[in-house]
Amino acid sequence: MSKETFSEAVRFFLDVASHVPANAWTNEALGVWNVRDLVGHTSRAILLVEEYATEGTTRRGFGTPDEIAERGRQAGRALGDDPASALRTLADRVLALVEGLPDDHPMHTPGGVRPLSRYLPTRVAELTIHTIDLAGALGIEAEPPRECVRATLHALADYAVRQGTSMDVAFALTGRKPLPPGFSVVP
């Protein structure tokens with residue numbers, strides 16, 4: 001996956017987020033999140049690239065669902081009074097950083113150190129899926145870029161392999177067996 005695919009995913013997110021009406025930021029969006037919270041959580045898929053490339057994290061593991069939800073709410077609040085402008089500034093800064101990094105740049109993540117080229121697909125998946133969630137919450141159509149969908153499916157397949165559920169996913173995708181209720185490959 002290329003840095004260009006990450007850039008496409010960021011632009012897709014910015015485009016959909018630019019359609020949030022001023023009076024819709026507190027509308028329900030996804031689970032416990034309102035629109036602002038979801039946008040904040042999704043923006044972390046960009047912000048964490050910068051954090052893990054420059055300073056890393058001392059946090060191990062991804063946190064509980066409540067911790068993840070709270071980080072999304074905090075990120076939403078951090079976007080301030082002009083979320084669209086804050087998102088553009090963040091995106092410009094991080095995309096410029098990524099462009100200047102080699103593919104093997106070490107990313108210090110909660111799951112361990114991995115090269116940039118292996119970390120970016122997880123960010124593309126996060127951006128793509130949550131941008132579609134956001135479009136749904138806004139009631140608008142949004143078609144993700146083809147390469148973003150491809151990278152997302154690859155990332156999800158990798159999760160399934162690591163969790164030992166790859167054959168369940170393969171059988172479901174080929175119409176052989178349905179997935180159990182509530183099934184997810186996302187840790």
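**Close-up views of a predicted model**

**Figure 1. Helix α2 and its two ends.** Helix α2 is mostly covered, with 17 of its 20 residues buried. The structure shown here and in the following views is a predicted model. Helix α2 comprises residues 35–54, and at 1.5 Å a residue these 20 residues should span 28 Å; the C-alpha atoms at its ends are 29 Å apart, which agrees with that expectation. The helix nevertheless contains a kink of about 35°, and this kink is centred on Ile46. At the N-terminal end of α2, Asn34 acts as a cap: one of its side-chain oxygens lies 3.0 Å from the backbone nitrogen of Arg36. Just after α2, Gly56 adopts a positive phi of about 75°.

**Figure 2. Ser7 and its partner in helix α1.** Ser7 belongs to helix α1, which covers residues 3–17. The relative accessibility of Ser7 is 11%, and this residue therefore counts as buried, since the term applies to values under 20%. The side chain of Ser7 makes a polar contact with the side chain of Arg11, at 2.5 Å. As general background, an α-helix has 3.6 residues a turn, so residues three or four places apart point the same way.

**Figure 3. Gly80 in the loop between two helices.** Gly80 is located in the loop that lies between α3 (65–78) and α4 (83–100). With a relative accessible area of 26%, Gly80 is partly exposed, because this class lies between the limits of 20% for buried and 50% for exposed. Gly139 serves as a reference point for this view: Gly80 and Gly139 are 59 residues apart along the chain, and their C-alpha atoms are separated by 24 Å.

**Figure 4. The second largest pocket and its lining.** The volume of the second largest pocket is about 230 Å³. This pocket is lined by 15 residues, of which Arg118, Pro121, His154, Ala155 and Asp158 are the closest to its centre. Two elements each give two or more residues to the lining, namely α5 (116–138) and α6 (146–163). Helix α6 provides the largest share of the lining, with eight residues. Sorted by class, the lining of this pocket consists of five nonpolar, four polar and six charged residues.

Notes:
Residues are numbered from 1 along each chain as its sequence is written. This is a predicted model: local features need pLDDT of at least 70, side-chain atom pairs count only at pLDDT 80 or more; totals for chains, interfaces and linings use all residues. Side-chain values use heavy atoms; hydrogens and water are left out. On a 1 Å grid over the protein atoms alone, a cavity is a set of points where a 1.4 Å probe fits but cannot get out, and a pocket is an open set with protein on both sides within 12 Å along at least five of seven lines; lining residues have an atom within 4 Å of a point. Grid points are joined across faces, edges and corners, and a volume is the space filled by probe spheres set on the points. Helices (H or I, at least four residues) and strands (E, at least two) are DSSP runs, numbered from the N terminus. Ala, Val, Leu, Ile, Met, Phe, Trp, Tyr, Cys and Pro count as nonpolar, Asp, Glu, Lys and Arg as charged, and the others, Gly among them, as polar. The expected span of a helix is 1.5 Å times one less than its number of residues. The bend at a residue is the angle between axes fitted to the seven residues ending there and the seven starting there. Buried means under 20% relative accessible area, exposed over 50%, partly exposed in between (1.4 Å probe, protein chains only). A polar contact is a pair of N or O atoms within 3.5 Å; within protein, one must be able to donate a hydrogen and the other to accept it, and residues adjacent in sequence count only if both atoms are side-chain atoms.
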